[in-house]
Amino acid sequence: MLALATADDPALSVSTMELEMPERPYTVETLGRLLKKLKPMDIFFVMGADSWADICTWHEWERVLTMTNHIVVTRPGYSVDAHHVTENIRERIVDLRGESAQNVRVSGIETKIYISDAVISNTSASRIRTRIKERSAGWRNDMPEVVANYVEKYELYT
């Protein structure tokens, strides 16, 4: 579904690295493999505000947050703070909420954690799955048509 959703954007690519692993890897392991494969490219790990709130539960979470740049994407109605992370992590946070994309410059040697309010959708994947399961009208509007067609064809989340 991610490949379908991003197919029209040549700047994006979907990695199947985790799917090809014999066991389900931790994020820290996947990032390590990506860094070896893609160096010297900058890697940006994108996560939602819900994942950010739970980041301290992740395996080797502090290492995860120092391996690559991160973008924490907020949605309206979700507050994002950094009280749950260490001071070293907080020092690397760059709050971009309210900034225009033209004003944003990504630079520096140290990896950063960018907090952004540049949302495209105000819904979550779990909300979409629930709406499909409950057969609520309008769930198709929350995703690209090609993805909605795939969900229907394979009767996902029902």
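This report describes the fold, the sheet, one helix, the salt bridges and a surface patch of a single chain. The structure is a predicted model.

**Overall layout**

The chain has 158 residues, and buried residues make up 29% of them. Its C-alpha trace spans about 45 × 40 × 30 Å along the principal axes. The secondary structure consists of seven helices and four strands. Followed along the sequence, these elements come in the pattern α-α-β-α-α-β-α-β-β-α-α. The pattern thus opens with two helices and also ends with two helices.

Between helix H1 (2-6) and helix H2 (27-38) lies a loop, and Ser13 is found in that loop. Ser13 has a relative accessibility of 70% and therefore counts as exposed, since the cut-off for exposed is over 50%. Ser13 can also be compared in position with Ile132: 119 residues separate the two in sequence, and their C-alpha atoms are 27 Å apart in space.

**The sheet**

How are the four strands of the open sheet ordered? The order is S1-S2-S4-S3, and the pairing is parallel. Strand S1 (44-48) and strand S3 (93-95) are the edge strands, each pairing on one side only. On average, neighbouring strands of this sheet are turned by 20° against each other, direction ignored. In general, the strands of a sheet pair through backbone hydrogen bonds, in either a parallel or an antiparallel way.

The pairs can be taken one at a time, starting from the S1 edge. S1 pairs with strand S2 (residues 69-73) in the parallel sense, over five bridges. One contact in this part of the sheet involves Phe44, whose bridge partner in S2 is Asn69. S2 in turn runs parallel to S4, and four bridges join these two strands. Here Val72 has Ile115 in S4 as its bridge partner. At the other edge, S3 and strand S4 (residues 113-116) are paired in the parallel sense over three bridges. Val94 stands opposite Tyr114 in S4.

**Helix H7**

Which residues of H7 are buried? They include Val147, Ala148 and Val151. These residues lie on the same side of H7, because they cover an arc of only 100° around the axis. The face turned away from the buried side of H7 carries the exposed residues Glu145 and Lys153.

**Salt bridges**

Side chains of opposite charge can pair when their charged atoms come close. A search of the whole structure finds six salt bridges. Three of them are listed here, with the distance between nitrogen and oxygen and the relative accessibility of each partner.

| Pair | N to O distance | Accessibility of the Arg | Accessibility of the acidic partner |
|---|---|---|---|
| Arg63 and Glu60 | 3.1 Å | Arg63, 44% | Glu60, 37% |
| Arg90 and Glu87 | 2.9 Å | Arg90, 31% | Glu87, 43% |
| Arg97 and Asp95 | 2.6 Å | Arg97, 33% | Asp95, 41% |

In the pair of Arg63 and Glu60, Arg63 counts as partly exposed, and Glu60 is partly exposed as well. Arg90 and Glu87 both belong to helix H5 (residues 87-90); they are three residues apart there, so about one helical turn separates them. Arg90 is partly exposed, and Glu87 also counts as partly exposed. In the remaining listed pair, Arg97 counts as partly exposed, as does Asp95.

**A nonpolar surface patch**

Which residues form the nonpolar patch on the surface? The patch is formed by Met1, Leu4, Val146, Tyr150, Tyr154 and Tyr157, which together have about 500 Å² of accessible area. Among these, Tyr157 is found in the segment after helix H7 (145-153). With a relative accessibility of 32%, Tyr157 counts as partly exposed. Tyr157 can therefore belong to a patch, since patches are made of residues with over 30% relative accessible area and no salt bridge.

How values were computed:
Residues numbered from 1 in each chain as written. Predicted model: local features only at pLDDT ≥ 70, side-chain atom pairs only at ≥ 80, totals over all residues. Heavy atoms only, no water. Patch = residues over 30% accessible without salt bridge, like charges linked within 9 Å, V, L, I, M, F, W, Y side chains within 5 Å. Areas by Shrake-Rupley, 256 points an atom, 1.4 Å probe, with all protein chains shown as cover. Salt bridge = Lys/Arg side-chain N within 4 Å of Asp/Glu carboxyl O. Buried < 20%, exposed > 50% of the residue type's maximum accessible area, 1.4 Å probe, protein only. Pairing = 2+ DSSP bridges. Axes fitted to C-alpha atoms, helices over the stretch in contact; angles between N-to-C directions. Arc of directions from axis to C-beta.
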